[in-house]
Every structure is written in C-alpha cells, then in structure tokens.
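Please keep the viewer open beside this text. The tour proceeds by selections, each followed by a description of what is found there.

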Amino acid sequence: KIEWETGKRTFRAMQSQQFATATAETKTERAAERASDAGYTQGLVLRFQGEGNTPSNTKVKDSFEAFAAIRSWDVTALGEIGSAGLQQFHGHVRFEDTKGAKL
C-alpha cells in the first residue's frame, strides 16, 4: 500500500509538471498568434444571410462592388430547398477598406 501511495504521488507530480509545461507553451503560442494578427484590420468583413433563391457568387460580387471595392466573397446554401422553393443561405464579403462594410 505504501508503494501504491508513493506511485500515485509521483504520477500526480509528473502530471502537474506536464500541465504547467503545456500551459506555458500554449500561452507563448497564443502571444505569438496575437502578435502576428497585429496587421488585422477590424471591420472589413460583412456577413449576410437570407432565405429565397441563393444568389450566385457573381451576383454577390456585382451587388457589393456597387458600394465599395471588395477583396473576396463567398455564398453558402444551407440545407435543401423546401417545398416552397426557398433555401436559407449566408455569405461573407471582405472589403478593401472599412467604408464598404459599413453599409
């Protein structure tokens, strides 16, 4: 029984050390990620959603370019077309500057 208790304490000590090491590594990695995101500009992405005929990528591009220059865009249809012929969809448009996303 004494050997068992000693083994448990040793194992717990090893686990604590591994946890502390993993936590320190994770904190370091997160700090590095935040530093690399320093060039990120908030407010460039507009999210939209709706129900009806899912717009084509070309339609989305042409519609939003009327407001401002866009860098990228996508549209995703969600699920199947219902009995009324309607389908839910959502998408994102990334603008060149923040003026475009403030429609």
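**First selection: a pair within one helix**

Select lysine 61 and glutamate 65, which form a salt bridge whose closest N and O atoms are 3.3 Å apart. The model in view is predicted. Both residues belong to helix H2, where they sit 4 residues apart, about one turn of the helix. Lysine 61 has a relative accessible area of 26% and is partly exposed; glutamate 65, at 37%, is partly exposed as well.

**Further salt bridges**

How many salt bridges does the count come to? The count is 3. For another of them, move to helix H1 (residues 2-36) and select lysine 8 and glutamate 5, which lie 3 residues apart there, about one turn of the helix. The closest N and O atoms of this salt bridge are 3.5 Å apart. Lysine 8 is partly exposed, with a relative accessible area of 28%, and glutamate 5 is partly exposed at 27%.

Next, select arginine 71 and glutamate 96, whose side chains meet in a salt bridge at 3.2 Å, N to O. This pair links distant parts of the chain: arginine 71 is in strand S2, glutamate 96 is in the loop between S3 and helix H3 (98-101), and 25 residues separate them. Arginine 71 counts as partly exposed at 48% relative accessibility, as does glutamate 96 at 38%.

**The whole chain**

Now zoom out and colour by secondary structure. The chain has 3 helices and 3 strands, and along the sequence they follow the pattern α-β-α-β-β-α. Of the 103 residues, 17% count as buried. The chain exposes about 8100 Å², and carbon and sulfur atoms supply 53% of that area. Among contacts with a separation of 6 or more, 59% are between residues 24 or more positions apart.

**The aromatic residues**

How many aromatic pairs does a search of the whole structure find? The search finds 2. Select phenylalanine 64 and phenylalanine 95: their ring centres are 6.3 Å apart and their planes stand at 75 degrees, so the pair is edge-to-face. Phenylalanine 64 lies in helix H2 (residues 57-65) and phenylalanine 95 in strand S3 (residues 87-95), so the pair ties together parts that are 31 residues apart in sequence. Are these two residues buried or exposed? Both phenylalanine 64 and phenylalanine 95 are buried. Add Phe48 to the selection, and one aromatic cluster of Phe48, Phe64 and Phe95 is shown.

**The nonpolar core**

Extend the selection to Leu46, Phe48, Val60, Phe64, Ala68, Ile70, Val75, Phe89, Val93, Phe95 and Ala101, the 11 residues of the largest nonpolar core. Which elements give two or more residues to this core? They are strand S1 (45-52), H2, strand S2 (70-78) and S3. The largest share, 3 residues, comes from S3. As general background, nonpolar side chains in soluble globular proteins tend to be buried together.

**Last selection: alanine 101**

Finally, centre the view on alanine 101, a member of this core. What is alanine 101 in contact with, leaving aside its neighbours within four places in sequence? The contacts are Gly43, Leu44, Val45, Leu46 and Phe95. Of these partners, Leu46 and Phe95 are listed in the core too, and Phe95 also belongs to the aromatic cluster with Phe48 and Phe64.

Key. Residues are numbered from 1 along each chain as its sequence is written. This is a predicted model: local features need pLDDT of at least 70, side-chain atom pairs count only at pLDDT 80 or more; totals for chains, interfaces and linings use all residues. Side-chain values use heavy atoms; hydrogens and water are left out. Buried means under 20% relative accessible area, exposed over 50%, partly exposed in between (1.4 Å probe, protein chains only). Contact means heavy atoms within 4.5 Å. Accessible areas come from the Shrake-Rupley method with a 1.4 Å probe; for residues, only the protein chains shown count as cover. Rings of Phe, Tyr and Trp (its six-membered ring) pair if their centres lie within 6.5 Å; planes under 30 degrees apart count as stacked, over 60 as edge-to-face and the rest as tilted. A nonpolar core is a set of buried Ala, Val, Leu, Ile, Met, Phe, Trp, Tyr and Cys residues joined through side-chain atoms within 4.5 Å. A salt bridge is a side-chain nitrogen of Lys or Arg within 4 Å of a carboxyl oxygen of Asp or Glu.
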